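Biologist: Before I plan anything at the bench, I would like a close look at a single part of this model and what surrounds it. Please take me through it step by step, and give the cut-off behind each term as you use it.

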Amino acid sequence: MKSYILLILLSVIVIGCQNKDNNTSKIPVTPTIQDTVSNMEESKEKIPDSIAIVESKSTHGLILTSNALQVINKNTGSTSEIPFGKPLDQMIEIINNVLQSKPTTIGINNECGAGPLKMASWNNGLTVVFQNKKSESKTSETNWQFAGWFVGNNSKNSKEISTMAGIGIGSTRSEMESAYVLSISKTSLGYEFSTSSGLFGIFDGPKKEAKITSLWSGLSCNFR
């Protein structure tokens, strides 16, 4: 009888130990920080550069305005002005980021009435004009500053640029007059117009259907 009871007790102890081992094996192991970071790095998907460029183009744009340019956030409608006087390097960096493209040409025109002007042009027809300003330091280093902009015909498949009112190359005289008060005169350049705020341009004819072929503000290098 004693042997039978002892056998039962031994069986209970063995079964208990087995259950304990099974339960222990089911306890989840907490991952270390190193494991978590490794998993994140393995699962992180790289965004193609083309997508990042499209996102930038869809959220920001460049707006023409008198004596300045503006960067507009298309999602919020908020604008940031880039006034005349901005240094060349900063100006080009801002425009490159907004347009997601670099200037097609950068050069100096020494024959302008206002003196030598440095010009940077993009493939959307925009040319930004910089004037040579002497610094006040003893070294008299050249300091090119934003002094004007000009818009002409743009390259194929390039994004158009316009004023906040939607006026740009190809807009008609009728559309321009609905947004601005104009003064128009016939010059050697053509049917030249101006606004009191400081926008200038040229129509390709005298009629209401005439289209804008050039638009500018600030310093220019037009020969009349």
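Modeller: Helices here are DSSP runs of H or I with at least four residues, strands are runs of E with at least two, and both are numbered from the N terminus. The model is predicted, so local features are described only at pLDDT of at least 70 and side-chain atom pairs only at pLDDT 80 or more, whereas totals for chains, interfaces and linings use all residues. Residues are numbered from 1 along each chain as its sequence is written, and side-chain values use heavy atoms, with hydrogens and water left out.

The part I have chosen is helix α4, which spans residues 88-99 and includes Asn96. Asn96 counts as buried because its relative accessibility is 17% (buried means under 20% relative accessible area, exposed over 50% and partly exposed in between, with a 1.4 Å probe and protein chains only). Setting aside residues up to four places away in sequence, Asn96 touches Ser101, Lys102, Pro103 and Trp122 (a contact means heavy atoms within 4.5 Å).

Leading into the helix is a loop that starts after β3 (79-83), and Lys86 is found in this loop. With a relative accessible area of 24%, Lys86 is partly exposed. Beyond residues up to four places away in sequence, Lys86 touches Met91, Ile94, Phe130, Trp144, Gln145 and Phe146. The C-alpha atoms of Lys86 and Ala147 are 8.2 Å apart, although 61 residues separate the two in sequence.

Helix α4 lies across β1, β2 and β3, and it runs at about 125 degrees to β1 (axes are lines fitted to C-alpha atoms, for helices over the stretch in contact, and angles run from 0 to 180 degrees between N-to-C directions). These strands belong to an open sheet of four, ordered β3-β2-β1-β8 with mixed pairing (two strands pair if DSSP finds at least two bridges between them). Its edges are β3 and β8 (162-163), each of which pairs on one side only. Within the sheet, β1 (residues 60-65) and β2 (residues 68-73) are antiparallel partners joined over six bridges, and Leu62 stands opposite Val71 in β2.

What does the helix give to the interior? In general, nonpolar side chains tend to be buried together in soluble globular proteins. The largest nonpolar core of this model has 30 residues (such a core is a set of buried Ala, Val, Leu, Ile, Met, Phe, Trp, Tyr and Cys residues joined through side-chain atoms within 4.5 Å). The elements giving two or more residues to this core are β1, β2, α4, β6 (126-134), β7 (142-151) and β12 (212-218), and the largest share, six residues, comes from α4. Among the residues with the most contacts inside the core are Leu62, Leu69, Ile95 and Val128. Val128, leaving aside its neighbours within four places in sequence, is in contact with residues that include Leu69, Met91, Ile95, Trp122, Phe146 and Trp149. A second, separate core of five residues includes Cys112, Leu117, Val129 and Cys221.

To sum up the part you asked about, α4 lies across β1, β2 and β3, and the largest share of the 30-residue core comes from this helix.
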